[in-house]
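Me: I have a model open and want the reasoning behind its labels. Can we go through them one by one?

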Amino acid sequence: MAENILVVVEQREGKLNRVSWETLTAGQALAADTGWTLAAAVVGSGVAGFANEIAGKKVSKVYAVESAKLEPYTPDAFVAALKQFLASHPAKLVLMPHTYQVRDFVPKLATAMGRAAISDCIGYKKEGDRLLFTRQMFQGKLAADVSFTSDAPWFVTFQNGAYRGDKVEVGAAAAPVETVNVDIADGVVRNKPHEVFKEAKQAVDLTQAEIIVAVGRGIKEQKNIDIAKQLAEAMGGELAASRPICDSGWLPMDRQIGSSGQTVAPKLYLALGISGAIQHIVGMKGARTIIAVNKDSEAPIFEIADYAVVGNLFDIVPPLIEEVKKAKAGA
Amino acid sequence: MTLIFRKPLSDIERPEMPADVVIVGGGPAGMACALRLSQLIDEHNAKHPDSQLSKENIYVLEKAREIGQHCLSGALLDPRSMRELLPGFEKEAPLDAAVSKEAVYFLTEKGKFKFPVTPPPLRDHGNYVISINRFVKWLGSKVEETGITIFTGFAGSELLYDGDRVIGVRTDDKGVDKENQQKSNFEPGYDLKAKVVILAEGTRGSLTKQLISKFDLAKGRNPQTYGQGVKELWEVPSGRIAPGEVMYTMGWPLTSREYGGAWIYGSKDNVVSLGFVTGLDYPDPRLDPQRVLQDFKQHPFVAKLLEGGKMIRYGAKSLPYGGWWAIPPVAGNGWMIVGDSAGFLNSARLKGIHLAIKSGMLAAETAFEALKKDDSSAATLGAFQTNVESSWIKDELWKVRNMHQGFEHGFYAGMFHTGLQMFTGGRGVRNRYPGTAGYQHMKKLTELPANGGAEAHLLGPAKGDGKLTFDKLTDLYHSGTKHEEDQPAHLVIQDTNICNARCVKEYGSPCQNFCPANVYEMVEDSAQPNGKRISLNPSNCVHCKTCDIMDPYQIITWVPPEGGGGPNYDGM
């Protein structure tokens, strides 16, 4: 088998993943150390543009592995495409960035070909004829050097940041680009991707809220949260909670105030049925005005409250909502 | 909400790593063991250039994020074993003060009686007041200097067996969510395949518990008995207590039916360590050891000492006081048990650190022989058992072998037996006093006066005035405990129906009282037969193991949460 290295760069949704440059740098270093040739491949549909971009770097050749079935990304299509490509264009060492997409299909690709993958490497060493790839263990406390005993192709993925993407060498002349059309039979792709969505990082940023209505254990039941919500809406504030409420799943974690949640300093903090354990207080004591409603006159929340209402929140909140609405309508 | 409990994930591939020796737990016992092993290997390698032994595959697992963070004690150090381990250690170890003055008091509600003569076990001249946290940190740095790797943030979750042989330790799975599902940062626990596994987990070690149960090691021994120590660290105005001044108290707020007492140690820089050890064999399920400490502080004698001071840290931990007859076999096929995990603690002196260190050293000597011979079968490791029995560990523990059992029927009977034992070399009325597991002393509510009777003053949760006394959550805040929130509960309850249907009625849910960290809570739930349901706040846990020990139905198993979580006992 030819002694060569193939770097599979990553593109997704019309963008080249910048980590690809790091993997290319790693490939160039390996090629220099071993004397093996270095080629690159980009997999997808209509990826010639990327191939040309990569051809400007120091590589012997760039392949555009094409099929209409490669867009949108599915692990089935990528595995089929790369398997086919590697059959016609054998490579000894296949390098990829350790991205979510690669993590998704590489185990399947390696297993389908009966080969091994060494994933998430931070570097390599050459000991005589042997190539060793370094992986972290025990959260980086130990590093293990791992080598292949199986036949080629050897799959290796490199950790984000293991190499410098800006150190990738430019070629003397543009490398030739070859388009390789792969044939992915019907029925091979069993995955059916839905629309891509981004999980909202934080639905609500309580640190920006001027008014916060927070509920605690005194709210008793999940269905009662609604009255606090109504009050928050009437006042134009955000709803928040102490830990037991979020622990019970009555409100999402991003609405938790306190030492294991968010720290806030709104203009007005209305605490409903919150006893005021220190774990909660450290998260809201910076509020300019604190109003606390609690049945227990000895609740510690009253020590830091500016206004203390001793009473049942279920008696107090509904009329309060009405009054706030009235006042707002009047104003 | 249904509770979902932590268990090592099954059907996943785990990375394996070969090891010579794995020490589970980086406290005084584990660190002393690692250090002694390194010394022996160095000596051997200097003498035998042709047969070098490596230290590269000796590992210490420590569940705390940093060395020493989960270590809690009074603490007084008897330097005997340290002088053997590192002669001249006093010059570099963080010792806060040499004991300069000592006194023992018996407290009544308002008054106190000083023992005219300090009982011999409590004579502490020659010992040092230390912060066990700083001491272990220092010891750990010594271990790291030798080239032995300490894996901080990694807990032992399971022992690996091959038939009746222990062949390694599995570490905790990381990145598992509340439902036991893998998160995006999932990292499976490692299988460390070890020639020798040394359990140095501290009191009621979770792997030790698995081992004891698997091989029925408690058979023929007295049941282990425990106390719960609740500690606060205070800064007080200068002149209140001298560095190295040591006081012990008995009596108030406990009655004659509970076992326990307090310590007050003067450290440097006007820092006072004080705490109360309550025997985990009290009868009334409403008793709350954290409350006991709060009551103790209100005694005029203590309140005066602390007045104008500030509480800076809080912690709680269980300690084993069953003594010699409760220690299980400490060596077998591939394994050894050291320190508090085995029960090497002198309850008459309230001291175990020196014994933990000594037992760790002895285990290291046996592990070294095993490495040299490349044989870690019971035949080789059994030497540890014999060496403990011919060491001063046994001499010391033999004299007090019946001490705690003598108190099973209350304080006055205890004083009688202790007195008698003192004159008979520890024998008392018979060579071996039997013992009862502490939880079996707990009485049902129907057997107790509704108003608490003589114990009324110490039942229920502490209120706290925010200056001298603190409610549990406020105290807990000062433990600095922290865990990854999105993980399964590590307090494994075998059957929560017992909590909801039986315990709430029969014992009034004592978990809420004996837990010093508000982990256990009975919340209202109209769907339950008694209108209440058990709820857990696992991230409050301070790893004291009391629930595992004291629950009257023995249905709670404490397992380590994701490594790195737990209290932060800096300076404690």
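The exchange below takes chain A alone, then its domains, then the side of chain B that touches chain A.

Reply: Ready; note that this is a predicted model.

Me: Why is chain A called more spread out than a compact globule?

Reply: Set the radius of gyration against the rule. Chain A has 29 Å, and the globule rule gives 20 Å for 331 residues, so chain A is more spread out than a compact globule. Along the principal axes, its C-alpha trace spans about 85 × 45 × 35 Å.

Me: What makes a residue of chain A count as buried, and what percentage of the 331 residues is buried?

Reply: The cut-off is 20 or more other C-beta atoms within 10 Å of its own. In chain A, 42% of the 331 residues are buried.

Me: Which secondary structure does chain A have?

Reply: It comes to 9 helices and 16 strands.

Me: Where are the domains of chain A, and how far apart do their centres lie?

Reply: Domain 1 covers 4–181 and domain 2 covers 206–330. Their C-alpha centres lie 53 Å apart.

Me: How do you know that chain B is in contact with chain A?

Reply: The test is C-beta atoms within 7 Å. By that test, 12 residues of chain B are in contact with 12 residues of chain A.

Me: Which elements of chain B give two or more residues to that side?

Reply: β8 (149–152) and α12 (472–477) of chain B do. α12(B) gives the most, with 3 residues.

Me: What is the make-up of that side by class?

Reply: The side of chain B that touches chain A has 6 nonpolar, 5 polar and 1 charged residues.

Key:
Residues are numbered from 1 along each chain as its sequence is written. Chains are lettered from A and ligands numbered from 1 in the order in which they are written. This is a predicted model: local features need pLDDT of at least 70, side-chain atom pairs count only at pLDDT 80 or more; totals for chains, interfaces and linings use all residues. Two residues are in contact if their C-beta atoms, placed from the backbone, lie within 7 Å. Helices (H or I, at least four residues) and strands (E, at least two) are DSSP runs, numbered from the N terminus. Ala, Val, Leu, Ile, Met, Phe, Trp, Tyr, Cys and Pro count as nonpolar, Asp, Glu, Lys and Arg as charged, and the others, Gly among them, as polar. The radius of gyration is taken over C-alpha atoms; the globule rule is 2.2 Å times the number of residues to the power 0.38. A residue is buried if 20 or more other C-beta atoms lie within 10 Å of its own, exposed if 12 or fewer, and partly exposed in between; C-beta atoms are placed from the backbone. Domain bounds come from an automatic or database domain assignment.
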